[in-house]
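Q: Could you take a close look at the pockets of this model with me, and at the strands and helices around them?

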Amino acid sequence: MSLVITEKYKELTDAAVAAGVSNLQVREQDGVLYVDGDATGAVKQQLWDIYGKIDPDYSSGDLMLNINSVAGVMEGAKLKVTTNRTNLNIRKGPGTDHSILGKAARHEIVTLVRKENDQWWVIKTDDGEEGYSYTQYLTPVEA
Amino acid sequence: MKLQLSRMLLLISAIALLGTAFVGCKKKAKDADIKAAIETALKGDPMAANTMVDVKDGVATLTGECKDEMCKSHCGDLVKGIKGVKEVVNNCTVAPPPVVPVITDVAADALSKAVADALKDAPGVAGTVKDQILTLTGEISKDKVQKLMMALNALKSMGLKSIDSKNLIRK
């Protein structure tokens, strides 16, 4: 059974399969296509670029692309701070409502202490600052 | 004497044939009764609304869609208990679970908080979550959209079903 939205994003799902995304699930429900899986940061970026090509500005709202590039990252792993321009806040707790303890510079390498949840990890800088940072801006240093 | 023998044989085989015919009728009637009894039982059970049954030689075959495994085994047990049922063949199919399940109020609060965290880096954007659907409004520069959407799409694992950004201006 070929579903309309699944067809629209065929280039993306084909690329996901070709790139070897693990635990890949492609399901359509209530007019939205859900693509879930685990992959490296590079593959995740590749798939997001294809998404942006098919749906410029991501305005259709008919795809939820949930590719996790940090699933296999272990405690003690090195992470690079990949913010857009600014420093990364290190907070007292897992949320922007918690106070800021310190900052890590853009492109600085920090260490993963513990994964609180998918959005917030406890990290430690070489200076010894330790606290919660948003995973959106932490990229595992790939060997 | 020969005539009498063949007449006897004819009579005997006629009786035998009649006998098998009766047995065949009996079986069909019995199956129909069992089927009717099963259907009555299924109709009276809300879980079994979409379950159908066919009975042959006392073997009840179930078909139709059940919402989950528990529902399927419940239907099987129900039918097994009906008088006359020798065996149950349960061919009911279980519907797949929803891709994004309904979340509790506590989880919905956590989702709203996670959305707020994701929007921190896009100050011109406002978002509200209702029934696990996020509506975005405001303005954002085109070069920041991908990063924002990456962070928001990840919230599918927290119960976010979809994002409506029709009213979000990309400049």
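A: Happy to. A pocket here is an open set of grid points where a 1.4 Å probe fits, with protein on both sides within 12 Å along at least five of seven lines. Bear in mind that this is a predicted model.

Let's take the second largest pocket, which holds about 270 Å³ of space. Its lining has 13 residues, and those nearest the centre are A:Asn89, A:Arg91, A:Tyr137, B:Lys120 and B:Asp121. Strand E5 (residues 88-91) of chain A gives the largest share of this lining, 3 residues. By type, the lining of the second largest pocket has 4 nonpolar, 5 polar and 4 charged residues.

The largest pocket has a volume of about 660 Å³. It is lined by 30 residues, with A:Lys44, A:Ile67, A:Ser69, A:Thr135 and A:Gln136 closest to its centre. Its lining comprises 10 nonpolar, 15 polar and 5 charged residues. Among the elements that each supply at least two of these residues are strands E1 (22-29), E2 (32-38) and E3 (63-68) of chain A, along with helix H4 (142-153) of chain B.

Those three strands of chain A deserve a look too. They form an open sheet of mixed pairing in the order E1-E2-E3, in which E1 and E3 are the edge strands. From one strand to the next, the twist averages 5°. E2(A) and E3(A) run parallel and are joined by 6 bridges; A:Leu33, for one, has A:Leu63 in E3(A) as its bridge partner. Finally, helix H2 (residues 10-18) of chain A lies across E1, E2 and E3 of that chain, at about 160° to E1(A).

Notes
Residues numbered from 1 in each chain as written. Chains lettered and ligands numbered in written order. Predicted model: local features only at pLDDT ≥ 70, side-chain atom pairs only at ≥ 80, totals over all residues. Heavy atoms only, no water. 1 Å grid on protein atoms, 1.4 Å probe; cavity = no way out; pocket = protein on both sides within 12 Å on 5 of 7 lines; lining within 4 Å. Points joined across faces, edges and corners; volume = space filled by probe spheres on them. Helix = DSSP H or I, 4+ residues; strand = E, 2+ residues; numbered from the N terminus. Nonpolar A, V, L, I, M, F, W, Y, C, P; charged D, E, K, R; others polar. Pairing = 2+ DSSP bridges. Axes fitted to C-alpha atoms, helices over the stretch in contact; angles between N-to-C directions. Contact = heavy atoms within 4.5 Å.
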